[in-house]
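I pulled this one up to look for empty space inside, and then at the rings and the packing. Notes below, in the order I checked things.

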Amino acid sequence: MQVRKEHARIEQVAASAYTIPTDAPESDGTLAWDATTLVLVEITAGGHTGIGFSYTDASAAWLVRDTLAAHIRGRDAMDIPACWWAMLDAVRNLGRPGISATAIAAVDIALWDLKARLLELPLVKLLGAVRERVPAYGSGGFTSYSPAQLEAQLGGWAEQGFERVKMKIARYPEQDEERLRRARATIGPDVELFVDANGGYDRKQALGWMPLLRELGVTWLEEPVSSDDLEGLRLLRDRGPGHLHITAGEYGYHPGYFRQMLEAGAVDIMQADVTRCAGITGLLEVAALCTAFQIPLSTHTAPAIHAHLGCAIRPVRHIEWFHDHVRIEHMLFDGTLEAVDGQVKPDLSRAGLGLIFRRNEAVQYAR
């Protein structure tokens with residue numbers, strides 16, 4: 001019997017985890033790492049399988065299999081909000097932020113991908129496009145990089161047509177001025193320079209860097225202090241040069257976090273990560289808040305997913321072309337996109353996210 005796509009019931013929910021070593025040691029202002037874990041979710045309904053993923057801990061896969069799957073199995077695959085709220089109810093006693101939100105995100109992304117595949121639409125068309133392509137910024141510049149590595153990466157993005165690039169600071173403050181000057185000299189005067197401290201400074205340290213950032217024309221200062229220090233972010237926003245945007249938000253897991261940040265006037269540009277804020281459904285809530293507060297939105301990492309969302313969500317200013325995730329997504333999926341002149345355009349010839357998981361290549365990284 002043929003299953004009507006608009007009434008396809010969720011049959012199977014699978015989750016798996018893969019840890020991929022970095023191609024070089026990576027660190028930022030407060031953390032160092034040598035591998036990244038991707039949790040993949042596959043959901044089957046109506047003869048189609050949707051895929052979603054989060055960059056998180058492997059324990060999120062256990063949470064999907066042992067808790068979340070039972071709360072969506074048998075539901076109509078078209079009813080994503082019902083599935084989303086059922087999952088939120090399921091983690092009430094576990095806590096919504098952190099691992100729970102990243103697990104829900106992977107499932108929610110898979111549900112949206114599945115719905116688009118059932119309807120034979122690219123995800124951006126299911127959501128409704130507001131633009132054909134979205135600007136991206138090259139992101140990496142890790143504090144563990146040598147000067148030559150830093151120059152090669154940032155300069156390479158500039159040569160490829162990226163109009164903005166981002167580097168990490170604050171782990172070794174005594175080296176930051178030289179690294180910043182090298183970066184500016186490498187990319188030239190016309191490419192925007194973004195910097196990310198990952199909360200590595202206190203308020204006075206961050207204020208002390210303002211003259212140099214002004215001199216070098218830095219236009220983006222991400223998490224100069226902890227993203228929990230809303231008063232500190234507001235202080236730096238008020239004291240910094242007019243062209244310097246204070247940004248934060250990548251660690252937001254629920255709408256209340258973003259609302260508090262917006263109400264505090266803590267950021268010029270909000271950041272959000274679809275793999276942390278409980279998926280596409282969660283990101284749409286963040287976008288609504290940004291619209292209400294008249295604050296632009298920039299998406300954090302996971303470019304294969306954010307490319308579609310960046311073309312469908314009006315407040316999005318740009319997406320992050322994060323070195324580590326670009327590399328992993330090209331390793332593990334067919335159908336990934338390329339940035340052309342610093343912009344990314346979804347492939348409208350492919351349904352859903354347009355991705356096919358390379359299971360044979362991924363098995364060596366399985367947890």
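**Ground rules.** For holes I used a 1 Å grid over the protein atoms alone: a cavity is a set of points where a 1.4 Å probe fits but cannot get out, a pocket is an open set with protein on both sides within 12 Å along at least five of seven lines, and lining residues have an atom within 4 Å of a point. Grid points are joined across faces, edges and corners, and a volume is the space filled by probe spheres set on the points. This is a predicted model, so I kept in mind that local features need pLDDT of at least 70 and side-chain atom pairs count only at pLDDT 80 or more, while totals for chains, interfaces and linings use all residues. Residues are numbered from 1 along each chain as its sequence is written, and side-chain values use heavy atoms, with hydrogens and water left out.

**Cavities.** I found two cavities of 30 Å³ or more. The second largest has a volume of about 30 Å³, and its lining includes His308, Asp347 and Arg350. I sorted that lining into two nonpolar, four polar and two charged residues (Ala, Val, Leu, Ile, Met, Phe, Trp, Tyr, Cys and Pro are nonpolar; Asp, Glu, Lys and Arg charged; the others, Gly among them, polar).

The largest cavity holds about 50 Å³. Among its lining residues I noted Pro303, Trp321, Glu329 and Val344. Here the split is six nonpolar, two polar and one charged. Which helix gives the most to this lining? Helix 12 does, with three residues. I took helices (H or I, at least four residues) and strands (E, at least two) as DSSP runs, numbered from the N terminus.

**Helix 12.** I checked burial next (buried is under 20% relative accessible area, exposed over 50%, partly exposed in between, with a 1.4 Å probe and protein chains only). In helix 12, 10 of the 10 residues are buried, so this helix is largely enclosed by the rest of the structure.

**Largest pocket.** The largest pocket has about 660 Å³ of space. Of its 30 lining residues, Leu31, Trp33, Tyr55, Arg276 and His325 lie nearest the centre. Strand 2 supplies the largest share of the lining, four residues. By type I got eight nonpolar, 11 polar and 11 charged.

**Rings.** I paired rings of Phe, Tyr and Trp (its six-membered ring) when their centres lie within 6.5 Å; planes under 30 degrees apart are stacked, over 60 edge-to-face, the rest tilted. That gave me 14 aromatic pairs. Trp33 and Phe142 are edge-to-face, because their ring centres are 5.7 Å apart and the planes are at 90°. They sit 109 residues apart in the chain, with Trp33 in strand 2 and Phe142 in the loop between strand 4 and helix 5. Both Trp33 and Phe142 are buried. I also logged an aromatic cluster of Tyr18, Phe53, Tyr55, Phe333 and Phe357.

**Cores.** I counted a nonpolar core as buried Ala, Val, Leu, Ile, Met, Phe, Trp, Tyr and Cys residues joined through side-chain atoms within 4.5 Å. The largest has 118 residues, and Ile43 and Leu297 touch the most other members. Helix 3 gives the most to this core, 10 residues. Trp33 and Phe142 turned up again in a second, separate core of five residues, which also includes Tyr145 and Phe322.
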